[in-house]
Amino acid sequence: MAGGKETPRQKMIGMMYLVLTALLALNISKEVLNGFVKVERGLIQTQETLKEKSLQSFSEIESRMIVNQTKVAPFHEQAVQVKEASETLRAHMQELKARTMAYSQGAYDAAESNGMKPYLDLDDEGYPMCVALDAKDEEGEDLIKQKDEYTNVTRFLYGENIAEPKDGEWSARDLRNKLEAYRDMLKSISFSDANGNRIELPNGLQLSIDERFQFPNEIESDKEVTWEFANFHDNPLAAVMPIMSKLIIDVQDAEHDVLSFLLSGIDGKSFKVNKFVPLVVPESNYVLRGDSIRAKVMLAAFDNTNIPDMYLSEEPWDGDSTAIFDFNGTPTLPVDRGTGFGTFQASTRSLSLGEHQFKGLVRFRDTDGSYKDYQVLTDPITVAEPALVVSPSKMNVFYRGLPNPVEISVPGVPQDKIEVRIDGGHKLVRQSDGTYVVEANANTQVKEANITVTAELPDGSKKSLPAKNFRVKRIPDPVVNWLGNNSVKGTIKMSEVQAFAPLNAAMENFDFEFRARVKKFTLLIVRSGQVSELTSNSNQFTSDMKDALGRLRAGDNIYFTNILVTMPDGDRPVAPLTLKIIN
């Protein structure tokens, strides 16, 4: 009932209690008294069933304690306290029943001297039990002669003052106080498990405990009376005994629910694990020769208070899938208790280049103390020669005046674990995305650039890799064209001439993205033996140039000379352009 839901057994007991309460309002005949006796007998049998269930739960906790004290100890400590408190309260209530029987039959001296025999007996385990209402004496006669006696019962449990129940040991008020204290003790359970997590009873279970141990005032003959009055004032012994038995069942029910909650908490049943999966996680599947193979070995759903034994062979697996790994003679892997990772390391110096796998075993100790073995096999791990990979993003040279992007990496090594350098006075800048930009030295005498890398390996050691060489070159000249007409084509239409579009410079077959711009050019026109030479200080045609071009006809030639182009590394002259006008 950890979730607060009423069980069928509890519904049945509640119905019996309601019937019992209703019968108290009737004139009690012999048949009714016999009915109470049967109810009491059924409640005693229910007590035995609940007692057995609680013992099973507690025994299971004790068994877990033997296997794993670190994990179970906090739960076991609480279970012991709950069991002891429950047994103490039930023993008190059994003795209270026996004392009530003794007083009802006039055996005052025997009851007060704590000698309730034959009303109080011990069961097979030495636990105190009040005898049943239909118990027989040594002569075979009914031990309880007056099952309908209520005067002595009232005087003993409630007292003679109708307005207020009496206090003191063995009274109904004292019983209520003990039940309320027991309720509050259960609800206050709070402790830390082996991982430091705070454990408290869930709200549903606390609500269930509250509902069991409520003692509100009741209405009798249109008057509000106390719980003590309604249950123990002028009620016959045959009715009082089942009432007390029902209260004992409430205690047993609460005890069983709390012990079940503690037992489930040991295995964390809110996150129940029903399958264990062994894992081998290499730090890298690509290993440089001279480095070590490193891997993390763990068991999924790991319990850090129950460390498994882990084994992994340093010799590569031979590929035999039918062979069972024999861990005898293989040392166990060191395991981090905080994470559950076992650390594996093997040298690669004697291994051939290529893929290798490693076989092993994980041994887990179950809750019953037995061992479960799980065969493990690593993913393929590649052993390779040390190699520096430098991939130019555009070409295999660096150009002066341009940002030359390059990608630099070492297989199996994270980007933040490599140190990159460049010589020759060149500048190397790392970008936010992990790539690099090389700004070449403007000195035309410097013709090369060497990039070197030092890689930090997973074990903390550093390894320098062979340098990568690049050529440093001047940016190629652009090709001048007029509306796409260049020297290769050699012609231009009259309609294109009269459009007077700007003179253009294009980087043909060059992958870098930048724009060359004509800064200055001279226009030469030869017509009828006359030479016209006009200059523009931009890529645009001047008005004089446009007038001169407007007088040309098909078959005339146009010459562009002294062309100056602006480039990333400065202004430079480029080859002239000659075009012949066609229709």
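Me: How many helices and strands does the protein have?
Reply: The model is a predicted one, and the secondary structure described here is read from that model. Of the 583 residues in the protein, 43% are buried. The elements found along the chain are 11 helices and 31 strands.

Me: Among contacts between residues at least 6 apart in sequence, what share joins residues at least 24 apart?
Reply: A contact here means heavy atoms within 4.5 Å. Taking the contacts in the protein between residues at least 6 apart in sequence, those that join residues at least 24 apart make up 65%.

Me: What part of the accessible surface belongs to carbon and sulfur atoms?
Reply: The accessible surface of the protein comes to about 29900 Å². Within that surface, the part that belongs to carbon and sulfur atoms is 48%.

Me: Is helix α9 largely enclosed by the rest of the structure or largely exposed, and what span separates its end C-alpha atoms?
Reply: Helix α9 covers residues 237-266, and 27 of its 30 residues are buried, so this helix is largely enclosed by the rest of the structure. At 1.5 Å a residue, its 30 residues should span 44 Å. The distance between the end C-alpha atoms agrees with that expectation, being 44 Å.

Me: Which helices do the buried residues of α6 pack against?
Reply: Helix α6 runs over residues 172-187, and its end C-alpha atoms are 23 Å apart, which agrees with the 22 Å that its 16 residues should span. Its buried residues include Leu175, Leu179, Tyr182 and Leu186, and also the charged-group carriers Arg173, Asp174, Arg176 and Arg183. The helices against which these buried residues pack are α3 (69-104), α5 (151-157), α7 (203-212), α8 (227-232) and α9.

Me: Which residues are linked with Arg173 and Arg176 in a network of salt bridges?
Reply: Arg173 and Arg176 are both among the buried residues of α6. The structure holds 28 salt bridges, and some of these form a network that includes the two arginines. Their fellow members in that network are Glu164, Glu180 and Glu228.

Me: Is Lys147 buried or exposed, and how far apart are the closest N and O atoms in its salt bridge with Asp142?
Reply: Lys147 has 12% relative accessibility, and because buried means under 20%, this lysine counts as buried. Its partner Asp142, with a relative accessible area of 28%, is partly exposed. In the salt bridge between Lys147 and Asp142, the distance between the closest N and O atoms is 3.8 Å.

Me: Which residue forms a salt bridge with Asp569?
Reply: Asp569 counts as partly exposed, at 35% relative accessibility. Its partner has a relative accessible area of 4% and is buried. The closest N and O atoms of the pair are 2.9 Å apart, and the partner is Arg572.

Me: Which strands stand at the edges of the open sheet of 4 strands?
Reply: This sheet has the order β17-β23-β22-β19, with mixed pairing. Each edge strand has a single partner strand, so one side of each is left without a neighbour in the sheet, and the two edge strands are β17 (397-399) and β19 (418-422).

Me: Which residue in β23 stands opposite Ile451?
Reply: Strand β22 spans residues 448-456 and strand β23 spans residues 462-473, and the two pair in the antiparallel sense over 8 bridges. The residue in β23 that stands opposite Ile451 is Lys468.

Me: What is the bridge partner of Gly360 in β14?
Reply: The order β10-β13-β14 describes an open sheet of 3 strands with antiparallel pairing. Its edge strands, β10 (309-312) and β14 (371-377), each pair on one side only. Strand β13 (residues 359-365) is joined to β14 by 7 bridges, and within β14 the bridge partner of Gly360 is Val376.

Me: Which side chains of strand β31 point to one face and are buried?
Reply: Strand β31 (residues 577-582) is joined by 3 bridges to β25 (residues 491-493), which runs parallel to it, and by 4 bridges to β29 (residues 557-567), which runs antiparallel. Side chains alternate along β31, with Thr578, Lys580 and Ile582 pointing to the face where they are not buried. Those that point to the other face and are buried are Leu577, Leu579 and Ile581.

Terms used:
Residues are numbered from 1 along each chain as its sequence is written. This is a predicted model: local features need pLDDT of at least 70, side-chain atom pairs count only at pLDDT 80 or more; totals for chains, interfaces and linings use all residues. Side-chain values use heavy atoms; hydrogens and water are left out. Two strands pair if DSSP finds at least two bridges between them. Buried means under 20% relative accessible area, exposed over 50%, partly exposed in between (1.4 Å probe, protein chains only). Accessible areas come from the Shrake-Rupley method with a 1.4 Å probe; for residues, only the protein chains shown count as cover. A salt bridge is a side-chain nitrogen of Lys or Arg within 4 Å of a carboxyl oxygen of Asp or Glu. The expected span of a helix is 1.5 Å times one less than its number of residues.
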